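Biologist: I should like to go through the terms used for this model one at a time. For each, please set the value against the definition and then conclude.

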Amino acid sequence: MPEMHLRQRALPALTAVVLGVHALALLGLPLWSQVSAPHTEVAAMQTRALSLPEPPAPPPAAPVPAPKAPAPKPQQPRPKVQRPTPAAPAPTPEPLDTPIRETVEPLPMAAAPEPAASDASDASETAAAGSGPTPATPPAPPAPKPEPETPPTPSAGPAQGMAITSPDGTPLASDAPVPVQLPDPARLSFAVTGQAKRFNYSASAELVWRHANGQYQASQEVSLFLLGSRSQTSEGRITDRGLEPSRFNDKARKEQSAQLAFDQNLAHFSTGAPDAAIAPGAQDRLSVFLQLSALLAAAPQRYPAGTQISFITVSARRADRWTFRVGETETLDLPSGSTQALRLDKIAAAGDDQQASLWLAPSMQYLPVRIRLAQDNGDFADLQLKGRQAP
């Protein structure tokens, strides 16, 4: 009981003390200067703790970590996850094959007309720039392309056998026949000088020319003392183009020949050489001189100096093109006497083994009065007229 009385008495005193302390605190008096230091630190800590809300400012720094998580890290999963994934959907290639086949099937169809389409597309683009249906028209041009393939066939015309070019380079001969006038039959004898294998020689030669009933024959023989002879013959028919040889023979130690089949436009050789292409107007190595006589005798004014006359010329082994250039008239001092003659020179061609010059006398219907032949090895033969007789 006495303790209860003591507590009851102490309570009013404690309350008074507490009230006093609060009053002093309200008045701002410094209490517990020594003991309150830790409390001030606590207060400071509290204030610092209260200032901690300011750090929320770092949230704006949150974007700084954003670069830490750039796309590279997600890229790492790509090789790990995405590469295996396509392997898993292996069934997917099946739908891929179907569209590929669909694209391949039209490709060959489009590839065939590609060259034509390229040309047609240029035309279609210029004709209609924005029209969509117009591209359907390009397939039409492929049809005209076969058309240019047809003209080459007629290009192999008869003018290939003989061609005449004016001095300025203008072609004069066409598919139409040119005028010809055959000289009268004759037997011409020649004095021959020449060289064979560095051996100089003198010999005699004879040219016999006949024609009748649309046929002709010509023969030429050169006889060398102690060396034998060499002869050439030509025979065939006469057409509105002049001479059309059918057989040519060349005989020295042995005989060789060529058959000219104009119905086939081919020359066949006894030597077994490959057939050679010919065309109407072609000549052999003997008839060519008489054909020139027939052309000039018919119309000499058509062939002024500088005119070129060319023929497909057949030997016993092959066919070449011989081209003669018309020159000037010269005065020749021949064994038969002084004679005016028109000179023609054969233009040398690549691979040609024989050069030739020819003099045709207007007073003798342009028959040859001098013929000079030369080989690449230096051999030559010069035939000069001694006389003329009936055949």
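**Terms and their cut-offs**

Biologist: Why is Glu330 called partly exposed?

Modeller: Glu330 has a relative accessibility of 28%. Buried means under 20% relative accessible area and exposed means over 50%, with partly exposed in between (1.4 Å probe, protein chains only). Glu330 therefore falls in the middle class. The model is predicted, so local features need a pLDDT of at least 70 and side-chain atom pairs count only at pLDDT 80 or more, whereas totals for chains, interfaces and linings use all residues. Residues are numbered from 1 along each chain as its sequence is written, and side-chain values use heavy atoms, with hydrogens and water left out.

Biologist: What makes the contact of Glu330 with Arg343 a salt bridge?

Modeller: The term requires a side-chain nitrogen of Lys or Arg within 4 Å of a carboxyl oxygen of Asp or Glu. Between Glu330 and Arg343 the N to O distance is 3.7 Å, so the pair qualifies. Glu330 lies in strand E12 and Arg343 in strand E13 (residues 337-346), 13 residues apart. Strands (E, at least two residues) and helices (H or I, at least four) are DSSP runs, numbered from the N terminus. Arg343 is partly exposed at 26%.

Biologist: How do you know that Arg285 is buried or exposed?

Modeller: Its relative accessibility is 12%, so Arg285 counts as buried. Its salt bridge partner Asp320, with closest N and O atoms 3.5 Å apart, is partly exposed at 21%. Asp320 belongs to strand E12 (residues 319-334), while Arg285 sits in the loop between strand E10 (283-284) and helix H13 (287-298), 35 residues apart.

Biologist: What makes Arg187 and Glu206 a salt bridge?

Modeller: Their closest N and O atoms are 3.1 Å apart, so this pair also meets the criterion. Arg187 is in strand E2 (residues 186-196) and Glu206 in strand E3 (residues 199-212), 19 residues apart. Arg187 is partly exposed at 22%, as is Glu206 at 34%. The whole structure holds eight salt bridges.

Biologist: Why are strands E1 and E11 called paired?

Modeller: Two strands pair if DSSP finds at least two bridges between them. E1 and E11 (residues 308-314) have four, in the antiparallel sense, so they are paired. In this pairing Met162 stands opposite Phe311 in E11.

Biologist: What makes the side chains of E1 alternate?

Modeller: In a regular strand the side chains alternate between the two faces of the sheet. In E1 (residues 162-165), Met162 and Ile164 point to one face and are buried, while Ala163 and Thr165 point to the other and are not.

Biologist: Why is the space with a volume of about 1300 Å³ called a pocket?

Modeller: On a 1 Å grid over the protein atoms alone, a pocket is an open set of points where a 1.4 Å probe fits, with protein on both sides within 12 Å along at least five of seven lines; lining residues have an atom within 4 Å of a point. The volume is the space filled by probe spheres set on the points, which are joined across faces, edges and corners. At about 1300 Å³, this is the largest pocket. It has 38 lining residues, and those closest to its centre are Leu224, Arg230, Ala252, Gln375 and Asp379. Strands that each supply at least two lining residues include E4 (215-224), E5 (228-239) and E16 (380-389).
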